[in-house]
Amino acid sequence: MERRSFLKGIGALPALGVLGASGVTLLAKESKPKGKNAISFKKALEVITHGKGAKESDKVHLVVPEIAENGAVVPVKVNVDLPIEQVKSIHILSTKNSNARCADVFLTPRNGKAYFATRIKLGGTQEVVAVAVLKDGSAIMAKKPVKVTIGGCG
Amino acid sequence: MAKRKSIIKIKPRKYKVGDIVKVDFIVIHPMETGMRKDKKTGKIKPMHYINEVKFYFNDELFTTIIPWETVSTNPYFSINMKVTGPGVIKVVYKDNLGEVNEKSKKVKPKG
């Protein structure tokens, strides 16, 4: 019995070692140098809405795929159901990319409709957020999760 | 400076004065995030992305887009525009290395 437990102990040691090593690599991954433009989602939202925050509203229609096979190309479409005179800008953000901002669009009445479409990169499964800033300074937003099977950013 | 390829498309192809049309703009650009490594040399590729796109109609600015490096390679932007008469759409785009290019397309409403 003693011999058996001893062997078991020996067998467990390398396993522990492997775990330790993977832990170190995980830490290294987290602390890898971020891009020059790195900004967290919270901070980016604060900057866009001037610290007021955005309300979730069903007037912002965000169209994204539920599952993105390739994170390097994720089509995003935003439609705001308000007259163009009221909408000042549209912002597309992601919650977990190292740079949360994707695109800022400043509109004028010549646009006719508040609409914007583009393709973005997503580093992993996360939420895509569309924020519309209105003329009176308030902000409305819509959120949708996207499942990414292959990351594309970073 | 290298001249970049870009396309402006107006959808639908036939439109009248007063219609709201879709203006699609596509550029061939690497959109490097500054976080990827070159597999051959092992060095990090420097950041290279478009950071300003401006849409003009008859020299009147009507939309400004500020993309970040999180926009996909060969970026595609689509916006709406109200047609008020014949004219020219001009798109001026800049990247973070100082490259400035422009592309224009005629607007010819029928009827």
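Which residue is the bridge partner of A:Ile92 in strand 6 of chain A? In this predicted model, the partner of A:Ile92 is A:Ala103. The pair belongs to a wider contact between two strands. Strand 5 and strand 6 of chain A are joined by 5 bridges and run antiparallel. They form a hairpin, with 6 residues between them.

Strand 5 of chain A also pairs with another strand. Here 7 bridges link strand 5 to strand 8 (residues 126–134) of chain A, again in the antiparallel sense. Within this pairing, A:Ser89 stands opposite A:Val133. Strand 5 spans residues 87–94, and 6 of its 8 residues are buried, so the strand is largely enclosed by the rest of the structure.

Chain A as a whole holds 2 helices and 9 strands. Both helices come before the strands, counting from the N terminus. The chain has 154 residues, of which 33% are buried. Contacts often span long stretches of sequence. Of those in chain A between residues at least 6 apart, 70% join residues at least 24 apart.

Confidence varies along chain A. Its mean pLDDT is 82, and 75% of its residues reach 70 or more. Among its elements, strand 7 has the highest mean pLDDT, 95. Helix 1 (residues 2–30) has the lowest, 51. Over residues 16–32 of chain A the pLDDT stays under 50. For that stretch the model has 0 contacts beyond four places in sequence. Where pLDDT is low, the predicted coordinates should not be read in detail.

The largest nonpolar core has 58 residues. Those with the most contacts inside this core are A:Val78, A:Ile90, A:Ile92, A:Ala130, A:Val131, A:Ala132 and A:Met141. A:Ile92, the bridge partner of A:Ala103, is thus met again in the core. The surroundings of A:Ala132 give a view of the packing. Leaving aside residues up to four places away in sequence, A:Ala132 touches A:Val60, A:Val80, A:Val87, A:Ile90, A:Ala114, A:Ala139 and A:Ile140. In soluble globular proteins, nonpolar side chains tend to be buried together.

The two chains meet over an interface. On one side are 26 residues of chain B, in contact with 29 residues of chain A. Strand 4 (60–67) and strand 5 (76–82) of chain B are the elements that give two or more residues to the chain B side. Strand 5 of chain B supplies the largest share, 7 residues. By class, the chain B side has 15 nonpolar, 9 polar and 2 charged residues.

A:Phe106 is one place where the chains touch. This residue is found in strand 6 (residues 101–106) of chain A. Residues up to four places away in sequence aside, A:Phe106 touches A:Ser89, B:Thr63 and B:Thr64. A:Phe106 counts as partly exposed because 17 C-beta neighbours lie inside 10 Å. A:Phe106 and A:His91 are 15 residues apart in sequence, yet 8.7 Å apart in space, C-alpha to C-alpha.

Strand pairing also crosses from one chain to the other. Strand 7 (residues 114–120) of chain A and strand 5 of chain B run antiparallel and are joined by 3 bridges. A:Phe116 stands opposite B:Ile79 there. B:Ile79 also stands opposite B:Val23. That second pairing lies within chain B, where strand 2 (residues 20–27) and strand 5 pair in the antiparallel sense over 7 bridges.

These pairings belong to an open sheet of 6 strands, in the order 2(A)-4(A)-7(A)-5(B)-2(B)-1(B), with antiparallel pairing. Strand 2 (60–63) of chain A and strand 1 (6–11) of chain B stand at the edges; each has a single partner strand, so one side of each is left without a neighbour in the sheet. On average, neighbouring strands of this sheet are turned by 15° against each other, direction ignored.

Some backbone details remain. Most residues other than glycine have a negative phi, and most peptide bonds are trans. A cis peptide bond joins B:Lys11 and B:Pro12, with omega about -5°. B:Pro12 is found in the loop between strand 1 and strand 2 of chain B. A:His50 is not a glycine, but has a positive phi of about 55°. A:His50 lies in the loop between helix 2 (41–49) and strand 1 (55–56) of chain A. With 10 C-beta neighbours inside 10 Å, A:His50 counts as exposed. B:Asp59 has a positive phi of about 65°, although not a glycine. The place of B:Asp59 is the loop between strand 3 (50–57) and strand 4 of chain B. B:Asp59 is exposed, with 8 other C-beta atoms within 10 Å.

Note on methods. Residues numbered from 1 in each chain as written. Chains lettered and ligands numbered in written order. Predicted model: local features only at pLDDT ≥ 70, side-chain atom pairs only at ≥ 80, totals over all residues. Contact = placed C-beta atoms within 7 Å. Helix = DSSP H or I, 4+ residues; strand = E, 2+ residues; numbered from the N terminus. Nonpolar A, V, L, I, M, F, W, Y, C, P; charged D, E, K, R; others polar. Pairing = 2+ DSSP bridges. Buried ≥ 20, exposed ≤ 12 C-beta atoms within 10 Å, placed from the backbone. Axes fitted to C-alpha atoms, helices over the stretch in contact; angles between N-to-C directions. Core = buried A, V, L, I, M, F, W, Y, C linked by C-beta atoms within 7 Å. pLDDT = per-residue confidence, 0-100.
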